[in-house]
Amino acid sequence: MSDTSEKEQPRRRQARGERRIAQLLKAASQVFCTTGYTAASTNAIAREAGVSPGTLYQFFPNKEAIAIELGDRLMHEMREAYGEALAPVAPGTPLEEAIGSAVDRFMAFNTDHPVFFALMHGPDIPGRMAEAHDQLHTTVVGRIEALLTSLMPGTAQADITRTAHVCLGIYKAGLELVLAREGAERAAYVQETKDVLIRYLEPLVGASLGRA
């Protein structure tokens with residue numbers, strides 16, 4: 001056997017392993033969304049993936065390990081999505097446009113990955129995931145505060161922080177309603193969420209950002 005063939009075999013095994021892990025994580029997403037994390041089982045995940053429980057255990061020792069791996073991957077994607085959504089806004093941008101763009105990015109991630117909401121807001125979230133979610137929450141609030149500070153000069157920090165928390169709370173409440181709907185009704189709830197945020201922020205920052 002040539003040196004090239006010997007090097008290719010581990011790569012093939014690694015590629016097959018990655019494909020299997022992706023298959024199991026996809027199945028776990030479906031099961032967690034359908035039954036919730038607490039009621040989910042490794043047997044149900046293996047069945048959804050079309051593999052034996054023994055195959056699953058080659059990659060994950062239990063459902064908590066599956067949830068943590070899934071959560072880590074989604075958290076990485078979410079940080080990127082939220083970073084784009086909360087990027088600095090050019091002065092003079094209409095408030096409606098700025099909020100619409102941010103909400104669309106937030107909603108796109110969560111509607112593409114409904115398992116993230118199911119895991120992060122369930123009653124029995126694994127401890128490591130809860131810590132990561134709390135860190136993400138703190139980061140997002142900080143980004144919103146930074147945006148609001150630039151748009152509301154002279155406003156006390158306590159007021160900025162309170163406004164940031166209210167904005168995030170409005171979004172989360174809207175997201176829960178959005179995820180429970182489909183099609184045109186889902187789109188309507190997305191728009192309602194945008195409208196609530198616009199009506200809340202417009203008296204504070206003005207209809208055009210930077211021109212309050």
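# Reading a predicted nine-helix model

Tutor: From the N terminus on, the order of elements is α-α-α-α-α-α-α-α-α. The model is predicted.

Student: What makes up the secondary structure of the protein?

Tutor: The protein has 9 helices and 0 strands. A run counts as a helix when DSSP gives it H or I over at least four residues.

Student: How do you know how the protein compares with a compact globule of 212 residues?

Tutor: Set the two radii of gyration side by side. Such a globule would have a value near 17 Å, but the protein has 21 Å. The C-alpha atoms fill a box of roughly 70 × 45 × 35 Å along the principal axes.

Student: What domains does the assignment give, and how far apart are the C-alpha centres of domain 1 and domain 2?

Tutor: The assignment gives domain 1 (1-60) and domain 2 (64-211). Their C-alpha centres lie 32 Å apart.

Student: What makes you say that residues of domain 1 are in contact with residues of domain 2?

Tutor: Contact requires heavy atoms within 4.5 Å. By that test, 12 residues of domain 1 are in contact with 14 residues of domain 2. The largest nonpolar core also draws at least three residues from each of domain 1 and domain 2.

Student: Which members of the largest nonpolar core touch the most other members?

Tutor: This core has 62 residues, and Phe32, Ile45, Ile66, Phe116 and Leu119 touch the most other members. Elements giving two or more residues to the core include α1 (3-35), α2 (42-49) and α4 (63-85). The largest share, 10 residues, comes from α4.

Student: What does Phe116 touch?

Tutor: Leaving out residues up to four places away in sequence, Phe116 touches Leu74, Met75, Met78, Phe109, Asn110, His133 and Leu136.

Student: Why does the span of α5 agree with its number of residues?

Tutor: The 18 residues of α5 should span 26 Å at 1.5 Å a residue, and the end C-alpha atoms are 26 Å apart, so the two values agree.

Student: Which residues of α5 are buried, and what do they pack against?

Tutor: Buried means under 20% relative accessible area. In α5, the residues that meet this are Leu95, Ala98, Ile99, Gly100, Ala102, Val103, Phe106, Met107, Phe109 and Asn110. They pack against α4, α6, α8 and α9.

Student: How do you know what span α8 should have?

Tutor: The 23 residues of α8, at 1.5 Å a residue, should span 33 Å; the end C-alpha atoms are 33 Å apart, so the value agrees. Among the buried residues of α8 are Ile160, Cys167, Tyr171 and Val178. The buried residues of α8 pack against α4, α5, α6, α7 and α9.

Student: Why does Arg143 count as partly exposed?

Tutor: Partly exposed is the range between buried, under 20%, and exposed, over 50%. Arg143 has 34% relative accessibility, so Arg143 counts as partly exposed. This residue lies in helix α7.

Student: What is Arg143 in contact with, leaving aside its neighbours within four places in sequence?

Tutor: Arg143 is in contact with Gly83, Leu86 and Ala87. Arg143 and Ala87 are 56 residues apart in sequence, yet 8.4 Å apart in space, C-alpha to C-alpha.

Student: How much of the protein counts as buried, and what supplies its exposed area?

Tutor: Of the 212 residues, 39% count as buried. The protein exposes about 11700 Å², and carbon and sulfur atoms supply 51% of that area.

Terms used. Residues numbered from 1 in each chain as written. Predicted model: local features only at pLDDT ≥ 70, side-chain atom pairs only at ≥ 80, totals over all residues. Heavy atoms only, no water. Core = buried A, V, L, I, M, F, W, Y, C linked by side-chain atoms within 4.5 Å. Buried < 20%, exposed > 50% of the residue type's maximum accessible area, 1.4 Å probe, protein only. Domains from an automatic or database assignment. Expected span 1.5 Å × (residues − 1). Rg over C-alpha atoms; globule rule 2.2 N^0.38 Å. Areas by Shrake-Rupley, 256 points an atom, 1.4 Å probe, with all protein chains shown as cover.
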